[in-house]
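I opened the notebook today to work through one model slowly, writing down each thing as I looked it up.

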Amino acid sequence: MLPIRRSGDHRGHLVMVVTVLLALAGCALVLRAFTTPGEPPQPNAAETSAPAHASETAPDPSTTTHLKPTAAKGGSSFGPILQPSPPVALAIPSIGVRTRGIVDLHLDPHGKLEAPTNFDRAGWYADGPTPGEFGPAVIGAHVDSKSGPAVFYRLGSLQKGAAVDVTRKDGSTARFVIDRVARYSKKDFPTAAVYGDTKGRAELRLITCGGAFDRASGHYVDNIVAFAHLTG
Amino acid sequence: MRTTSKMAGIALGTAALVPFMGAGIAQAADGGTMATLRPVALNGVQANGTAMVTVHGNRVDVTMAASGLLPDNPHAAHIHFGAEARHECPRAGDDANGDNHLNTTEGGPAYGDIVVSLTKTGDTSPKSGLAVDRFDTAPGGKINYERGSINVSDAVAQAIVDGKSVVVVHGVDYNKNGKYDGSTKSDLDPKLPTEATDPALCGVLAAAPAGGMDTGAGGTSGSQDDQLMLLGGGLLLAAVGTGTVAARKVRNRG
């Protein structure tokens with residue numbers, strides 16, 4: 001009788017220990033689900049309804065009207081342009097971005113722009129124009145890591161007119177102002193609008209991820225792109 | 001049954017290939033390219049720029065900005081390509097005659113022949129390569145150039161899209177006297193001094209990045225929270241289960 005009783009006691013203790021452990025782990029996970037920052041902000045849906053696909057495949061109508069087919073335009077239509085100098089820091093006060101040590105990014109073997117390997121760093125497309133030069137300079141950063149927000153977590157909440165300051169290696173600061181923020185499906189990414197001709201302006205593209213997270217691929221399905229131009 | 005599944009497999013395989021085939025065709029005739037223009041080796045020009053060339057079939061649109069060039073003198077500018085060329089900008093080692101400057105001919109092995117003349121008006125074929133009266137004269141040392149609907153051959157369109165063409169802006173003032181002069185004649189036209197035609201800026205037109213970026217690991221995505229919630233909820237339910245068993249045991253004992 002006694003040995004059985006003792007073993008029964010043991011079993012009872014074990015069950016209680018398991019209960020406590022399960023309860024603690026369960027609470028921890030639920031708490032974590034509640035306390036982790038919510039989903040990153042997404043840009044205004046109105047912006048995203050733009051027919052992104054059309055702008056990529058069909059010739060941009062503004063190109064045909066803007067460019068005279070028979071003669072080149074004079075220089076007056078070009079905006080301010082800075083001497084080339086690579087970026088070293090980025091500040092976007094309105095969404096609390098302040099990051100130093102911008103890494104070089106290149107194209108992967110498929111011609112796609114690689115993302116920074118470090119979630120705490122922004123990167124720039126080092127084979128394109130430097131921020132402030134004529135053309136679209138590109139700075140990309142992660143929206144989140146596996147555990148929480150990353151550098152461009154709040155990019156989707158950036159508003160038109162917001163200031164973006166890029167400190168450059170030569171000590172100068174290139175100030176850009178946001179023209180628009182849009183969300184595009186990666187499947188239908190408007191390459192021409194994002195990386196194409198900037199019609200005489202020194203422009204900047206800030207890119208991060210958005211939309212739904214596809215657990216199977218380990219990637220978000222959309223990109224958020226902020227378009228900006230050099231002022232001054 | 002087996003035949004059916006095999007056929008289905010082939011159909012699926014073909015369906016999977018179609019988008020790639022489509023992309024291949026579209027790419028051949030269409031694409032945005034960009035060149036950062038930097039000083040040509042040995043020629044000592046303190047200038048920079050960017051050129052963007054968009055290809056729509058046999059039509060190309062070009063915009064180019066450069067600064068730091070010799071002001072108020074014509075700067076011939078071209079798109080170069082040669083099937084046998086290296087598709088790059090010339091290096092110091094290309095100085096075949098050893099005069100410590102690179103002339104246009106010496107750059108040939110790097111960038112090939114002229115395939116488009118970036119004139120402001122009229123003809124844009126290689127024939128206008130030295131049409132000095134129709135090139136930008138860089139007021140203030142700056143070129144701001146836009147020209148649309150330049151016709152090119154299939155081969156040239158393909159070379160540009162493939163990243164094998166090179167933009168070259170010519171005109172170097174070696175002796176810094178504000179004009180093209182000197183006793184050395186141009187390798188392209190003996191009526192011109194070499195300063196007028198030597199390459200100043202160069203950049204390979206490379207394909208713009210394709211598609212978007214993979215810039216997130218999902219740590220703040222809703223699905224992550226949902227999964228945590230689900231798992232946590234499951235564990236709590238299990239705790240209720242084992243708790244009930246434990247309580248019953250205690251009650252039994254009492």
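Along E6(A), which side chains point to one face and are buried, and which point to the other and are not? I found that the side chains alternate: Val164(A), Val166(A) and Arg168(A) point to one face and are buried, while Ala163(A), Asp165(A) and Thr167(A) point to the other and are not. Here a residue is buried if 20 or more other C-beta atoms lie within 10 Å of its own, exposed if 12 or fewer, and partly exposed in between, with the C-beta atoms placed from the backbone.

Before going further I noted that this is a predicted model, in which local features need pLDDT of at least 70 and side-chain atom pairs count only at pLDDT 80 or more, whereas totals for chains, interfaces and linings use all residues. Residues are numbered from 1 along each chain as its sequence is written, and chains are lettered from A and ligands numbered from 1 in the order in which they are written.

**Neighbours of E6(A).** I next looked up what lies beside this strand (strands are DSSP runs of E with at least two residues, numbered from the N terminus; two of them pair if DSSP finds at least two bridges between them). Strand E1 of chain A, residues 87–92, runs antiparallel to E6(A), residues 163–168, and is joined to it by four bridges. Pro87(A) has Arg168(A) as its bridge partner, and Ala89(A) stands opposite Thr167(A). Five bridges join E6(A) to strand E7 of chain A, residues 173–185, again an antiparallel pair, and there Asp165(A) is partnered by Arg175(A). The hairpin of E6(A) and E7(A) has four residues between the strands, and in it Gly171(A) takes a positive phi near 95°.

**The whole sheet.** I then followed the pairing outwards and found an open sheet of nine strands in chain A, in the order E2-E1-E6-E7-E9-E8-E5-E4-E3, with mixed pairing. Its edge strands, each pairing on one side only, are E2 (97–100) and E3 (103–105) of chain A.

**Chain B.** Turning to chain B, I counted five helices (DSSP runs of H or I, at least four residues) and nine strands. Of its 254 residues, 47% count as buried. I also looked up Ala66(B), which, leaving aside its neighbours within four places in sequence, is in contact (C-beta atoms, placed from the backbone, within 7 Å) with residues including Leu37(B), Ala47(B), Val169(B) and Leu201(B).

Key: Contact = placed C-beta atoms within 7 Å.
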